[in-house]
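Ready to practise reading a protein model? Take a look at the structure, then work through the exercises at your own pace.

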Amino acid sequence: MSTSLSAGKAINAVLSAKLGDKVTQITPIVSTKDAKMPFVVYHRFSLQGEPTKGGRVFDSCGIEFGIYTKTYGEGIDIAEAIRETLEGKNICCKKETDGIDLRIDCGRMTDCDEGWSEDSYFQSLTIECKII
């Protein structure tokens, strides 16, 4: 059974299916040097183990998304699509079809930010997740 350390694999697959041709790439941690806007970068942070009565420990973590676009409105549209896709949803992966056994219960959006950096608009949003 995979843990929160594998959450990025599942997130990438779900977002790639949802965002399709709205973005040029979805990558963990850092974009490629030749990335063309719009693109999404994400990373996992803040791991916390949560013990249960049965003795098993579930992981909770945050996943932060950075959306980089040429126009402000385009960034908002992509951020809304990510939020709609993940917030309050479950992601289930099976080893036979996805290469990992993992279930992520995506909770609520806990933080957001926006700005301008290196000739692009950026939107940042954070979603809390529980790995079961």
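Below are three exercises, each with a worked solution.

This is a predicted model, in which local features need pLDDT of at least 70 and side-chain atom pairs count only at pLDDT 80 or more, while totals for chains, interfaces and linings use all residues. Residues are numbered from 1 along each chain as its sequence is written, and side-chain values use heavy atoms, leaving out hydrogens and water.

**Exercise 1.** Check the span of helix α2 (residues 72-86).

*Solution.* Helices here are DSSP runs (H or I, at least four residues), numbered from the N terminus. Start with the rule: the expected span is 1.5 Å times one less than the number of residues. For the 15 residues of α2 that gives 21 Å, and the end C-alpha atoms are 22 Å apart, which agrees.

**Exercise 2.** Find which residues of α2 are buried and which side they occupy.

*Solution.* Buried means under 20% relative accessible area, exposed over 50%, and partly exposed in between (1.4 Å probe, protein chains only). In α2, the buried residues are Gly 75, Ile 78, Ala 79, Ala 81, Ile 82, Thr 85 and Leu 86. They cover an arc of only 160 degrees around the axis (taken from the directions from the helix axis to the C-beta atoms), which puts them on the same side of α2. Now look at the face turned away from that buried side: it carries the exposed residues Asp 77 and Glu 84.

**Exercise 3.** Count the disulfides.

*Solution.* A disulfide is a pair of cysteine sulfur atoms within 2.5 Å. The count comes to zero. For Cys 129, the nearest cysteine sulfur, that of Cys 106, is 4.0 Å away. Cys 129 is buried, with a relative accessible area of 6%.

Terms used
Helices (H or I, at least four residues) and strands (E, at least two) are DSSP runs, numbered from the N terminus.
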